[in-house]
Amino acid sequence: MVFQGVGVNAGRVLGPVLQMPEPISEPAADAPHDAAASLETNKAAIKTASEAVQAELRNRAESAVAESKEILQATALMAGDPMLIKAAIKLLSPDALGGPRSPERAIWEAGQTVANTLTALGGYMADRATDVLDVRSRIVAALQGLPAPGIPVSDVPYILAATDLAPADTATLDPARVLALITSDGGPQSHTAILARMLGLPAVVAAPDVNGIADGTEVYVDGAAGSVITNPDDALCATAATWAAQASQIPAFSGKNILADGLHIPLLANVGTGADALKAAAAGAEGVGLLRTEFCFLDRETEPTVEEQITAYGGVLAAFPGKKIVIRTLDAGADKPLPFLTVADEPNPALGVRGYRTDTTSPGVLERQLQAIATAMSDHNADVWVMAPMISTAEEAANFTAMAKAAGLATAGVMVEVPSAALTASAILGEADFASLGTNDLTQYAMAADRQLGPLATLNDPWQPAVLQLIKLTADGASQAQVSTGLPKPVGVCGEAAADPALAVVLVGLGVSTLSMSARALAPVAAVLATVTLADAQRLAAVALHATSASAARKAVREQLPILEQLGL
């Protein structure tokens, strides 16, 4: 039987399926409970369970890599969300409508109420509803003395199947045990997809009904084609064996990415901490194209001090002496709410006060962050660039550039995530020194398709011709700004699109000058780019631009890149 979804990380593997365990059962509304327990005892039980869940998630975050660390820290914060805990405690009271609940039932009902509220708000807040329900199950498990829901344990490597994966679960995947990921929901830029690429796991998302495949069923997963096939025949088994051999032949990245005609297109790394930066440097990254500074701010009730930020940023700068480090200022809001900075009840947070916009509601935070970055730069030998997320207008670009330069940062740029920034790139880059395309957000905003939703997965694809047109407009705008100002205006890509070897070729052809990705993607992307000239890339970019759909663009380009098949990509 064939299940068709969206491939989000290449690879062809065979293995037995293991489904995510059944979720924690709903505590019965009329289940007997300790009526003799005092209200204070039950309150304490909920708080203790909440704190235990927070501690467990934070402990896991300590040993996790950047993307995982941020997700686990954010989920830990949610486990102690005052809205959730207060709502549960109210239900313990004899005065509660319907009578007092057991602690388990109280947290279950409170979690559903909070999730319903977030779902009604829509956008990113709706995405958080799933996380609230995950946290609810973990707290109920702690109250019942049961193991927390999570990834199944097996002595045999397996293919993990699920409806979708909660961020806290996805963050703890062990690639030594999990061969591939298959989900019936999710999208190509969901947390599951991003972490699959980071861990180097073949993955297929938005494949209806794969969550119903029986445990132990042998399946073949093709992460490039987006297919899952049960009970594969001998030919598919041979294909999987061939892929394993091909994957082992991909050469390590040399540390300098050169096209077939000698053109240098730097390959940089996306990192979140000093530990990530050290791993990226060891993998040969030519610098950092995206330092996510949120790791300094998540899991905190108060703003970190300038001194704390200086220390954190310094750990990254020290890993790349003399090399380019692009630092993104705080991208808070929407799916990354912060108690001291963002508002929890915005009607549509994805279109609300996030990124650079928080400076209008919480002035001073951005200025102090820029001061910390400038001080860290002065303490280390690195070429530091700084950029602001969620820039929409030339006026915003001018304001941010002025703030950065007042802090002593010579190179200030913008993230292009909002379609208006791509459409007015020439004016924006007349004010800023460079641009970096965040293709994850640019795609979902351009296509009006939430990147977490499985039913919209085909829309939320950076191969969409409309998205490629916006990327080209940005590169063309940079060229126009360079002519008018006499200064180079580089355009990079730091979104997930850069990690796709075939799409990387197209991006170069569209005029992108640097690509930034997870450390694991450096070698395959470099191996493919080494086989094409700039003229080849421009020709393939034109093919993709003139396609009528994302799937047609991808298919047409891949057919003209035989190296992908040779390397199992």
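The axes of helix 17 and helix 18 come within 9 Å and cross at roughly 40 degrees, so the two helices are oblique to each other. This is a predicted model, in which local features need pLDDT of at least 70 and side-chain atom pairs count only at pLDDT 80 or more, while totals for chains, interfaces and linings use all residues. Residues are numbered from 1 along each chain as its sequence is written, and side-chain values use heavy atoms, with hydrogens and water left out. Helices (H or I, at least four residues) and strands (E, at least two) are DSSP runs, numbered from the N terminus.

**Helices 17 and 18**

- Axes are lines fitted to C-alpha atoms, for helices over the stretch in contact, and angles run from 0 to 180 degrees between N-to-C directions.
- Angles under 35 degrees count as roughly parallel, over 145 as roughly antiparallel, 65 to 115 as roughly perpendicular and the rest as oblique.
- On the helix 17 side, Leu 468, Ile 471, Lys 472 and Ala 475 meet Leu 503, Val 506, Leu 507 and Leu 510 of helix 18, where contact means heavy atoms within 4.5 Å.
- The residues of this contact are seven nonpolar, no polar and one charged.
- In these classes Ala, Val, Leu, Ile, Met, Phe, Trp, Tyr, Cys and Pro count as nonpolar, Asp, Glu, Lys and Arg as charged, and the others, Gly among them, as polar.

**Helices 18 and 20**

- Helix 18 and helix 20 have axes 7 Å apart and pack at an angle of about 100 degrees, and are therefore roughly perpendicular to each other.
- Val 505, Val 506, Val 508, Gly 509 and Leu 510 in helix 18 meet seven-membered company in helix 20 that includes Leu 534, Ala 537, Gln 538 and Leu 540.
- By class, this contact has 10 nonpolar, two polar and no charged residues.

**Helix 20**

- Helix 20 (residues 534-545) has 12 residues and reaches 16 Å from its first C-alpha to its last, close to the 16 Å expected; the expected span is 1.5 Å times one less than the number of residues.
- Its buried residues are Ala 537, Leu 540, Ala 541, Ala 544 and Leu 545.
- These cover an arc of only 140 degrees around the axis, which puts them on the same side of helix 20; the arc is that of the directions from the helix axis to the C-beta atoms.
- Buried means under 20% relative accessible area, exposed over 50%, and partly exposed in between (1.4 Å probe, protein chains only).
- The buried residues of helix 20 pack against helix 17 (465-485), helix 18 (501-510) and helix 21 (550-559).

**Helix 13**

- The end C-alpha atoms of helix 13 are 18 Å apart, in agreement with the 18 Å that its 13 residues should span at 1.5 Å a residue.
- Glu 396, Ala 397, Phe 400, Thr 401 and Ala 404 are the buried residues of helix 13, and their arc of only 130 degrees around the axis puts them on the same side.
- Glu 395 and Ala 406 are exposed on the face turned away from that buried side.
- The partners of the buried residues are helix 12 (365-379), strand 12, strand 13 (411-416) and helix 15.
- Gly 408, just after helix 13, takes a positive phi of about 100 degrees.

**Helix 3**

- Leu 84, Ile 85, Ala 88 and Ile 89 are the buried residues of helix 3 (residues 82-90).
- Seen down the axis, they fall within an arc of 125 degrees, so they line one face of the helix.
- Lys 86 and Lys 90 are exposed on the other side of helix 3.

**Positive phi outside glycine**

- Most residues other than glycine have a negative phi.
- Ala 206, in the loop between strand 6 (203-205) and strand 7 (218-222), has a positive phi of about 55 degrees and is buried, with a relative accessible area of 13%.
- Met 390, in the loop between strand 12 (383-388) and helix 13 (394-406), has a positive phi of about 60 degrees and is buried at 1%.

**Single residues**

- Ser 426 lies in helix 15 (residues 425-431) and is partly exposed, at 27% relative accessibility.
- Leaving aside neighbours within four places in sequence, Ser 426 is in contact with Gly 477, Gln 480 and Ala 481.
- Asp 276 lies in helix 9 (residues 274-282) and counts as buried at 9% relative accessibility.
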